[in-house]
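Morning, everyone. Please pull up the model on your screens and keep the sequence beside it.

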Amino acid sequence: MRRSRTVTAALTALALGGGLALVGATSASAEPTGHWGTFTLAGQGKDYTGTVSMAGFPETTFTSNSRQSTVISGNSTWQSAATPVGAAGFGTSRGNTYLNQRPLADNDRSPSVTTYTFAEPAPGAQSWAFVLGDIDADQVTITATDAAGNAVSAADLGYGGTDPSTGSYNSCGSVVAGGWPCGRATADDPTPGSDKPTWTPGANGGTLVGNPGASDTAGASAWFSPVVALKTLTISYQQRSGFPVYQTWFTVKTASLTGTATLDGAPLPGRTVTVQAPRGTIYTTVTDSAGNYSFPDLPQIPGYTVTVAPPAGTNPDPSLVTQTVTLVGTDGTADFAFRAPAGTASIIGQVVGADGSPAADVPVVITDPNSPEPITTVTNVAGSYTASGLTPETPVTVAVGGADPETVTTGEAGAAPAPVREITTNAVGTVSGTVVLDSAPQAGVTVQLLDGASVVATTVTDADGGYAFTTVAGTYTVRVVQPRPDAELASEDGGPVTITAGTEQTRDFAFTTPPVPEAVVTSADGRVVDTAGDPAPGRTVTATPTEADAGGPVTATTTSDGSYTLDGLNPSTDYTVTVSGSDATVDFTSGLDETDVVTVPDVVVAAPTAPTPTPTPTATPTVGTAPTTAPVAATGSGPSTGALAYTGADIGPGIVAAAVLVLLGTGLVTVRSVRHRRRVRPRD
């Protein structure tokens with residue numbers, strides 16, 4: 001199906017890092033989550049760049065020489081949960097963005113090439129998928145490289161996930177529950193929802209080809225779920241007929257890992273938890289004040305290794321320190337229950353600065369009078385320290401930051417250590433600041449304090465966008481994760497920060513959101529004429545995209561010469577033009593950009609019909625008759641016989657005058673009738 005939308009650019013950069021994933025035990029039962037990718041796009045025709053962002057997935061960027069690429073909202077076309085990819089655990093893409101792209105040119109010799117590059121190897125084990133849609137009058141060649149840069153086989157691309165028979169399908173609502181309304185039957189697609197592309201594997205990758213007739217249809221789709229970890233994915237898109245466009249979705253299945261770290265049953269705050277994925281990616285987090293940790297979005301793959309460093313003085317089973325876990329189809333938990341050696345005791349304490357904030361990386365020395373060597377350790381990101389293997393129920397000394405030691409009495413052997421009172425030290429300083437986005441404070445942003453390449457402390461900003469680290473003297477770097485994927489760091493208050501005891505330093509971070517680029521639109525000129533070739537002024541012209549997700553209609557009014565201009569059209573989009581008062585239509589495709597103004601074929605409407613005048617009736621003259629009554633003789637003294645008596649009036653001249661008037665009237669009527677006939681005679 002031909003689809004295109006306004007090219008919108010959204011700019012760059014994905015959030016740093018990712019969540020951790022650990023799984024050991026099988027006690028969790030929550031359903032794993034499917035996440036569909038969010039696309040951003042920048043650049044222009046034949047030179048695009050962009051990003052794809054998904055929870056728990058490596059930072060993904062792409063380049064493309066497509067002549068037109070567009071990010072679509074996903075509200076009018078989507079993959080439903082009942083499609084093969086949705087049913088495989090990825091759910092529905094509805095409301096999530098996807099990428100529309102055209103070939104480099106509309107011929108079979110100029111494919112567009114789009115290459116996705118993963119900052120870390122994209123996970124294998126079929127934990128993520130990509131979907132290609134609208135493959136009908138076109139074909140797609142797919143290749144990829146693995147984590148070592150080697151070409152990936154067709155089998156390892158994972159056509160159809162675990163069941164290749166589901167690889168090609170149709171996403172229309174007429175054939176799949178919850179699908180998008182794919183429209184009425186057309187000449188190219190007499191049975192909407194019936195078309196599927198054909199997959200042909202090759203030595204490296206393979207080719208997806210649309211229907212044999214290269215006809216424009218709806219919903220033809222295919223999905224792939226890679227078996228091996230990928231470094232790059234390349235899609236070459238080629239025209240077979242018409243003006244095709246194809247769609248790309250990304251999706252990942254994630255699961256969460258939670259757990260608790262304890263010492264002799266007491267919570268261990270601030271312990272670093274490290275997870276390494278089989279593809280080499282490393283995730284880290286720290287336990288909270290209750291000893292709990294969580295990695296909410298890890299790709300669902302087997303073979304994670306999870307490690308928590310044991311507290312000083314413990315002698316744990318190696319299987320407790322490092323666990324191998326699997327996250328496929330379920331969430332998981334991995335607990336780390338450390339214990340002091342048999343017959344000994346442990347202590348857990350916390351060091352804070354003068355303002356009560358946890359003091360990280362502070363040296364602590366614990367001396368047991370019954371042990372020949374003291375235990376030397378440092379506080380962690382929560383200001384916490386521990387020591388095990390101590391003599392039970394015995395006073396031991398704790399020296400913090402070189403200050404005079406304080407005495408602490410241990411508990412019973414094997415018993416949970418009683419909380420040691422906070423020890424305040426003045427041998428620390430503080431660095432603090434705020435994180436804002438477009439001048440608004442940002443809560444929940446991750447901030448790290450680094451000593452060289454080592455993370456000394458990690459925190460998140462509060463409701464006011466504030467953070468603070470308290471630690472021993474030294475030179476450090478503060479690192480902030482972007483508040484949102486497209487945020488740009490507008491200003492940073494200085495570089496490395498030197499902390500000295502009893503001082504406070506400030507490092508603020510101001511991010512901005514790049515402005516949304518103006519939509520690229522184009523124009524078209526046209527003319528409306530009647531069947532006689534005369535202009536048709538004052539007509540309303542409406543250009544409507546032939547595809548439902550290609551924008552709204554654009555209208556214009558014809559001028560005195562029948563011409564009109566349609567402004568605000570989406571580039572490279574198929575439109576149908578209609579004219580008020582007529583059933584006539586024409587189709588056209590808009591230009592590539594704002595400089596490409598196309599000419600619409602003339603719309604021919606019926607010529608106006610001249611009204612038929614009502615003829616004026618012809619007058620009919622009335623001719624009088626001579627009187628038939630004989631004159632009556634006058635009374636008087638004259639004779640009773642002979643000529644009529646004279647009455648005093650001479651009638652001869654009157655009769656002559658009447659005759660003349662009748663003749664004149666008849667002539668006038670005749671002349672008028674002739675003139676009337678001349679006026680209503682039809683034109684040649």
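Find leucine 132 first. It stands opposite alanine 222 in strand S13. Keep in mind that this is a predicted model. Leucine 132's side of the pairing is strand S8, residues 128-133. S8 and S13 run antiparallel and pair over four bridges.

Now take the other partner. Strand S10, residues 168-170, is joined to S13 by three bridges. That pairing is antiparallel as well. Here serine 168 stands opposite alanine 222. So what holds such strands side by side? Strands of a sheet pair through backbone hydrogen bonds, either parallel or antiparallel.

How many of the five residues in S13 are buried? Five of the five, across residues 220-224. Look at the two sides. Ala220, Ala222 and Phe224 are on one side. Ser221 and Trp223 are on the other. Both faces are covered. Why do the residues split that way? Because in a regular strand the side chains alternate between the two faces of the sheet.

Next, the cores. The largest nonpolar core has 37 residues. Which of them touch the most other members? They are Ile347, Ile366, Tyr385, Val398, Leu449, Val478 and Val480. Strand S32, residues 428-437, gives this core its largest share, with four residues. Apart from this core lies another, of 34 residues. Leu41, Met54, Leu99 and Tyr159 are among them. The general idea is simple. In soluble globular proteins, nonpolar side chains tend to be buried together.

Zoom in on isoleucine 347. Set aside its neighbours within four places in sequence. Its contacts then include Ile366, Tyr385, Leu390, Val398 and Val408. Thr386, Thr410 and Pro417 are also among them.

On to serine 384. It sits in strand S28, residues 384-390. Buried or exposed? Buried, because its relative accessibility is 4% and the cut-off is under 20%. A polar atom of its side chain lies 3.5 Å from the backbone oxygen of glycine 349. Beyond its neighbours within four places in sequence, serine 384 is in contact with Pro269, Ile348, Gly349, Gln350, Val378 and Thr379.

Now a sheet. This one is open, with four strands in the order S27-S26-S29-S30, paired antiparallel. Which strands are at the edges? Strand S27, 375-378, and strand S30, 406-409, each pairing on one side only. On average, neighbouring strands here are turned by 30° against each other, direction ignored. Strand S26, residues 363-367, pairs with S27 over four bridges. Within that pairing, valine 364 stands opposite threonine 377.

Compare that with threonine 285, in strand S18, residues 282-286. Its relative accessible area is 22%, so threonine 285 counts as partly exposed. Phenylalanine 295 is 10 residues away in sequence. In space, the two are 7.9 Å apart, C-alpha to C-alpha.

Last stop, the cysteines. How many disulfides are there? The count comes to zero. Cysteine 172 is buried, with a relative accessible area of 0%. Cysteine 182 has 13%, so it is buried too.

That's my tour. Questions, please.

Technical notes
Residues numbered from 1 in each chain as written. Predicted model: local features only at pLDDT ≥ 70, side-chain atom pairs only at ≥ 80, totals over all residues. Heavy atoms only, no water. Core = buried A, V, L, I, M, F, W, Y, C linked by side-chain atoms within 4.5 Å. Buried < 20%, exposed > 50% of the residue type's maximum accessible area, 1.4 Å probe, protein only. Helix = DSSP H or I, 4+ residues; strand = E, 2+ residues; numbered from the N terminus. Contact = heavy atoms within 4.5 Å. Polar contact = N/O pair within 3.5 Å; in protein donor to acceptor, adjacent residues only side chain to side chain. Pairing = 2+ DSSP bridges. Axes fitted to C-alpha atoms, helices over the stretch in contact; angles between N-to-C directions. Disulfide = S-S within 2.5 Å.
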